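Visitor: I would like to take a close look at a single part of this protein, namely the empty space enclosed within it. Please set the part in the context of the whole.

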Amino acid sequence: MARTLSRRSLLTAAASLPVIGGLTACAGGPRATDRTHQLVWSTYGVGTGTYNDLAAVANTLTQRTGRQIRLMTSDTGIGRLAPLINGTAQYSRTGDEYYYAFEGNDEYASEQWGPQPLRLVWTPPGNYGVLVRKDSGIEKVADLKGKKYPKLIASTSINRKLEAILNYGGLTGDDVEHVDISYSAQIEGLKTGQIDALYQNVVGANVSELASQYPVRWLDLGGNDPSRYKTWEELAPMVKPGEFTQGAGLAKGESAVNMQYTIPLVAMAERPADDVTRLVEALDENFQYYKDTTPDAHRFATDQIQLTPLVIPFHDAAVEFLTRKNRWSRELQTRQDALLERERLMTEAWPDFWKSQSDEKAARKAWVEWKKSNLPPLPEVPGTLAEDPMSTAPAGGNA
């Protein structure tokens with residue numbers, strides 16, 4: 001469990017994060033808060049597929065528009081969001097922490113955080129799942145029983161996804177041997193036998209190198225049985241099953257189904273609309289120049305960005321852009337409005353709720369229960385897991 005950061009330590013921790021400036025300006029350039037000249041984006045560490053995608057996009061936009069973009073990296077969710085919250089960064093490409101911070105859940109259920117007014121700006125989809133070596137004898141999720149299964153350090157959201165994947169195969173965490181390991185150490189752990197399975201993006205230099213050394217298999221999460229996904233909405237509401245054909249270890253013509261979700265570019269609600277408009281239009285207009293730079297860069301296309309499941313609101317400027325591009329719908333707007341109302345209710349309730357709590361650990365559970373009892377359910381949108389579990393996954397997969 002992450003320790004609670006004081007306001008001072010939160011700012012200090014964010015300021016101490018490494019800043020990658022080679023893409024853009026020299027140290028004497030304009031301040032990061034000068035939105036006319038320079039932007040700072042926080043994201044994952046150097047070498048990850050997420051970083052590589054964003055570096056390619058940022059480099060292209062800098063070259064094509066003249067606007068400097070610097071990347072600030074961190075291996076933790078709080079480390080990626082803290083610069084956004086305190087104004088050091090204007091945008092962040094985050095993992096699921098964007099959802100938990102919006103809701104004020106888990107480590108964000110603290111005096112220094114609470115529900116945060118985050119907004120989606122750009123939502124490229126990605127496919128993620130469990131990879132095994134073919135010589136392990138593991139062919140389906142049910143075969144993980146009794147195996148050494150990763151429990152990722154400081155990664156609550158991925159551990160919930162790992163639990164949901166076990167549930168798909170009729171297993172629970174009690175059926176496997178959990179191994180505490182960091183996300184970045186998984187590949188070496190699979191090589192040495194420390195773990196029998198790992199959780200990764202289907203593309204990326206590290207996982208592709210692994211697949212070049214060992215025959216590997218992605219455990220398929222497809223099928224036509226909705227009961228397999230019954231815990232996914234609770235454990236991973238931002239996820240839906242998604243088919244992929246280009247992934248490490250897949251031969252030409254092969255496909256598999258695993259978890260599809262976005263690692264989005266987010267901003268604070270207060271980010272000026274003209275700045276967000278300028279950014280999304282630049283991402284759209286310059287797509288041709290960066291689409292082939294990384295294996296996943298093509299997923300930044302305007303017609304590919306993922307709109308469901310919608311678990312936090314889009315920025316108003318992004319909604320206006322998507323409407324112009326005929327990608328917005330009445331159902332999405334209904335969900336958007338409901339999320340904005342949910343945010344209002346959470347924000348109003350949080351101060352009094354927090355004052356009534358004496359134990360932070362207990363408060364985390366109490367906050368979730370308070371929301372279940374006091375907030376209206378969100379309307380479903382066609383294409384979400386709850387509305388149609390197999391809307392994006394082909395039949396025929398087995399556990």
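How many cavities of 30 Å³ or more does a search of the whole structure find?

Guide: The model is a predicted one, and a search of the whole structure finds three cavities of 30 Å³ or more. Rolling a probe the size of a water molecule over the atoms shows where empty space is left.

The largest cavity has a volume of about 60 Å³. Its lining comprises 13 residues, of which Asp53, Arg93, Pro125, Tyr128 and Asp296 lie closest to the centre. By class, the lining of the largest cavity holds six nonpolar, three polar and four charged residues. Strand 6 makes the greatest contribution to this lining, with three residues. Both strand 6, which covers residues 125–133, and helix 2 supply at least two residues each to the lining of the largest cavity.

Helix 2 merits a description of its own. This helix runs over residues 49–65, 17 residues in total, and spans 24 Å from its first C-alpha to its last, close to the 24 Å expected at 1.5 Å a residue. Buried residues in helix 2 include Asp53, which is also among the residues closest to the centre of the largest cavity. Thr50, Tyr51, Leu54, Ala55, Ala56, Val57, Ala58, Thr60, Leu61 and Thr62 of helix 2 are buried as well. After helix 2 comes Gly66, with a positive phi near 85 degrees.

The second largest cavity has a volume of about 40 Å³. Its lining consists of Tyr98, Leu120, Thr123, Thr262, Gln306, Leu307, Thr308, Pro309, Leu310 and Val311. Six of the residues in the lining of the second largest cavity are nonpolar and four are polar, with no charged residue. The lining of the largest cavity, by comparison, has four charged residues.

As for the setting of these cavities, the protein has 13 helices and 13 strands. Of its 399 residues, 53% count as buried. Among contacts between residues at least 6 apart in sequence, 74% join residues at least 24 apart. The protein exposes about 17,200 Å², and carbon and sulfur atoms supply 47% of that area.

One loop position may be added. Gly169 is located in the loop between helix 5 (156–168) and strand 8 (177–181). Because its relative accessibility is 15%, Gly169 counts as buried. The C-alpha atom of Gly169 is separated by 9.4 Å from that of Lys145, 24 residues apart along the chain.

Technical notes. Residues numbered from 1 in each chain as written. Predicted model: local features only at pLDDT ≥ 70, side-chain atom pairs only at ≥ 80, totals over all residues. Heavy atoms only, no water. Helix = DSSP H or I, 4+ residues; strand = E, 2+ residues; numbered from the N terminus. Expected span 1.5 Å × (residues − 1). Buried < 20%, exposed > 50% of the residue type's maximum accessible area, 1.4 Å probe, protein only. Contact = heavy atoms within 4.5 Å. Areas by Shrake-Rupley, 256 points an atom, 1.4 Å probe, with all protein chains shown as cover. 1 Å grid on protein atoms, 1.4 Å probe; cavity = no way out; pocket = protein on both sides within 12 Å on 5 of 7 lines; lining within 4 Å. Points joined across faces, edges and corners; volume = space filled by probe spheres on them. Nonpolar A, V, L, I, M, F, W, Y, C, P; charged D, E, K, R; others polar.
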